[in-house]
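Hi everyone, thanks for coming. Let me pull up the structure I wanted to talk through today.

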Amino acid sequence: VYKRQNLDAWAYLAGHAEMTEEDLEIFTALYDAEIAYLDHRLGELFSMLDDHGLLDGSQVVVTADHGENLGEHGLLDHQYSVHEPLLNVPLLVKEPGAKAGTGTVSRALVQSFDVFATFLRTAGAVDPSASERDSMPFPAAGGRARTHLFAEYLQPQPDPKVLEARFPGFDASRWDRALGAVRNERFKYVLSSRGEEELFDLHLDPGERANVLREHPTVAEELRAALRK
């Protein structure tokens, strides 16, 4: 049985395309298929390096610029949000000489802003902006874990007015804001350009559904100050 699948993130956002649980499962499966294809192509790349005797002595890094909303918070694609599905991306590092099966998982707080400094340092080069960046805490880099992570979503794209023009009757004003976020090991604070504030306990609420700003005012103030600084 052929089933036509909605792939229009903006129609879903505007309420013009219904997505059942089955639809979202299919949408997620399609995304998983993309990742599986990329994994296969990376495997071909690594095999080529190995065939030429280059893999063992190379540092290999796999990461991503962003994740994807797959129905969380009423969103598809990777817009209008600083939630964890977009920010929490893979970072895989194979150091020169490392053997398969010898890896470890670090729980330290790191962010993609630090990637450039990290791998300049491991290559023995000088980072001209080292005062602004840190290096990630693994042995070859000699860096330290961050106490806070930061993210920004500076301008809504597509512009909400474009969505309203495409979908008459849709009020997109709730998405017309910039966002800043800061998190520590447990809590994440989000501030919009309209002054709206949210605080999430990522240990108890990894899906970021409950705003616990009132329950933890001291935590919110500490993270608000870190974000403003």
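I'll walk through three spots, one after another.

Quick housekeeping: this is a predicted model, where local features need pLDDT of at least 70 and side-chain atom pairs count only at pLDDT 80 or more, while totals for chains, interfaces and linings use all residues. Residues are numbered from 1 along each chain as its sequence is written, and side-chain values use heavy atoms, with hydrogens and water left out.

Let's begin with Asp 205, in the loop between strand 8 (197–201) and helix 6 (217–228); helices (H or I, at least four residues) and strands (E, at least two) are DSSP runs, numbered from the N terminus. Is Asp 205 buried or exposed? Asp 205 is buried, meaning under 20% relative accessible area, where exposed is over 50% and partly exposed is in between (1.4 Å probe, protein chains only). Yet Asp 205 has no salt bridge, that is, no side-chain nitrogen of Lys or Arg within 4 Å of a carboxyl oxygen of Asp or Glu. The nearest side chain of opposite charge, Arg 209, sits 5.7 Å away. The backbone nitrogen of Arg 209, though, lies 2.8 Å from a polar atom of the Asp 205 side chain.

Next, His 16, found in the loop between helix 1 (9–13) and helix 2 (21–51). His 16 is partly exposed, because its relative accessible area is 48%. Beyond residues up to four places away in sequence, His 16 touches Ala 11, Phe 167 and Pro 168, contact being heavy atoms within 4.5 Å.

Finally, Val 93 belongs to strand 4 (residues 91–94) and is partly exposed, since its relative accessible area is 33%. Thanks, folks!

Technical notes
Lys, Arg positive; Asp, Glu negative; His and termini not counted. Polar contact = N/O pair within 3.5 Å; in protein donor to acceptor, adjacent residues only side chain to side chain.
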